[in-house]
Every structure is written in structure tokens, then in C-alpha cells.
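The following paragraphs lead through selected local features of the structure shown here. Please keep the sequence at hand while reading.

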Amino acid sequence: MTHRVGFVVFDGVTLLDVSGPAEVLHQAGRLGHPYELVMISACGGEVRTSTGMPLSGTVTAAEAGRVDTVLVAGGDRLAEQPVDAELLATTRTVAARATRVASVCTGAFVLAGLGLLDGRRAATHWRHADTLARRHPRVRVEPDAIHVRDGRFVTSAGISAGIDLTLALVEDDHGADAARRIARELVVFLRRPGGQSQFTTAAPVPARDGLLRTLIDSVLADPAADHDLPSMARAAAVSPRHLTRLFHAELGTTPARWVERVRLDHARRLLLDGHSVTSVARRSGFGSDETLRRVFVRHLGTTPTAYRQRFTSTFASTSTFASTSTGTARGAISEAEDEAEDAVERRGA
């Protein structure tokens, strides 16, 4: 039986939010699990994607009829400005008749704007997770999730995560083996390692309090220095309790947790600059390889070695990090250091 999937699109839609899931469903059809894809827009006709490439032949919600699954694609404008009434009305119409409702990236803003995610868990692009949470406080945003299922609603992280989401939908419909075969064909993970946090970048610190701003600047200037709570309180000439209150009021976290995130961001930059794991642990203030590993796993869902291999270069592999033939600082990392870290990671796995 053919499963009908309605893609809700609009001018400025991110092309990969549409083409990635569409290719997964096309591959499912080749395995004998047919999906009929229907492109739906507010007015029908041609829609211009964010790249300038057009999507032709879209139909209105009334013309689309009933679909089994609705998939709302994303686009920057959905997070940057209020969602327009026509897009909301189109989505409301098709979602009301669907068995399953999904969104890719900022498509979650459309579902949230309709109140469909109230009281539910949801994901969106890491860059827009805070905006979604502020704009729709009744939605339980999970900023690290690649995709989230809550009832008949499934939401995903940014852009390429639409492929992950659609593989999960195919697995729901036709089992893990079908999804696994499609993932192999597309040369992607069936379940990618780690969450969105490994892709994030550090955000500016919005401290308004002058005392706290000075302290923050000193930590950012030297993350490896002694920044425990008593030391920071002495530097700020306040009690530890008062400093903790300031951090909660200004940054929504504790001093210790904030310092750990600063050190983690510094460690990530050092890794990508070619420093060994032992050197990174020392320079970032974590002290030991094992502590660094635990922090990476807890916050990013991956290890320092895996992070370095994944983000250093499009040509990076395990062997290139231990080779001096690349002519870069990364090639100076010794095999002994890599083997020692691998041993630590195996013990902690």
C-alpha cells in the first residue's frame, strides 16, 4: 500500500530539508515500500528555495487531499520572523487529516505556532533552539536531540537531520532492515554518533552586571587558571553564595557549570588546532585525559578523538592524525598519544 507524504514548502524553504527526506523515501520505494510525495504550498504552483532553485508543481492543501504523513520543511525566515498566516493555515489543514506530523529544522516553528507542540518535546536546529523555547515556552525544546518523537509528532534538528528523521519514519513503517539498507545506499549513519551539541559554537555571554562581566572576561582570557567557586568569589570580592546568585540571575547556571562549558569550548578549539589530547586537557583546565573524555561524552555525546577526527578536516582519518607527511601541526600528534587516549576511552566505555 502506498503511503502518501505531504511536504509543506514555501518561498525560501531550505532545499535539503526537502530533497534529503525525499531521497530517503525514493530509496524506500526502490526496496518495494512505495511512498507518494506531494509538494504542498499555500498558493500552489512554483516555490523558490533558499538556493534560488525552484520547486514546481506544488498544490494547495485542498488539492492535496488526505496525506498519511505531513512533513513541514524549514527555512531561516521561520525563526527570524513570525510565521505567516497562510503557511499556518495550510499546515493546519493537512495536519488535521494526517496520521503523523513531522518537521525538519525550523519547520518546528510552524507546528509550535499552531499549538501542536504545546506540552510536547521537540527539536529544531541548534542555532534556533533558544529562540523556539523563548517564543513558545510551552514547548519542551531538546537542543541536543537529532530528532524527537512525542505522540504522532516527530521533529528534527537542522537541515541534514531531516535524513535521520525520515530514516526513523521508514523504520516505523517497514522495520529496521529497510532503514538500514537505505542508510547504506545513501552512505549515512542509521543513527549518527552524538547529538547536536557537537556542532554548536559558543554564544556571546550576555552578562549585564559589571562585576560579573569582569569576572567572565578573566575566565575567558585564561580558562586553565584556578576558577573554583571560592577563588572566583575572592576575585570578585563577594561571597560564594552571592556569586552563585549572580550567575543564576544573569546566565541561568552555576559558576562551576559555566566554567566547565568555557573550558569545553576552549578544548574543542585546541583539538581542531592540532594539539594532542594530553596537551588539550592541560591547556583547557581539565587536567587529565580521563576528565576531558568524561566532559566530552557528557556534553557532546562523543570522545575527544572522535570529535577531532570528525571536524578537523574533510580528508582526516585515524592515520593522518599520527602522520607527519601532511606537513601540518596535526601531523605531529604522536602514535603513542593516540594509543594512550584510545586505551583510556576503551576503559571508560
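Asp 289 is buried (under 20% relative accessible area, with a 1.4 Å probe and protein chains only; exposed means over 50%, partly exposed in between), yet has no salt bridge, that is, no side-chain nitrogen of Lys or Arg within 4 Å of a carboxyl oxygen of Asp or Glu. The nearest side chain of opposite charge, Arg 282, is 7.9 Å away; Lys and Arg count as positive, Asp and Glu as negative, while His and the chain ends are not counted. This is a predicted model, in which local features need pLDDT of at least 70, side-chain atom pairs count only at pLDDT 80 or more, and totals for chains, interfaces and linings use all residues. Residues are numbered from 1 along each chain as its sequence is written, and side-chain values use heavy atoms, with hydrogens and water left out.

Asp 289 lies in helix 14 (residues 289–300); helices are DSSP runs (H or I, at least four residues) numbered from the N terminus. Leaving aside residues up to four places away in sequence, Asp 289 touches Val 277, Thr 278 and Ala 281, contact meaning heavy atoms within 4.5 Å.

Helix 9 (residues 210–221) buries Leu 212, Leu 215, Ile 216 and Val 219. Seen down the axis, these buried residues fall within an arc of 100°, so they line one face of helix 9; the arc is that of the directions from the helix axis to the C-beta atoms. Thr 214 and Ala 221 are exposed on the other side of helix 9. The cover over the buried residues of helix 9 includes helix 10 (229–236), helix 11 (240–251) and helix 12 (255–272).

Terms used:
Helices (H or I, at least four residues) and strands (E, at least two) are DSSP runs, numbered from the N terminus.
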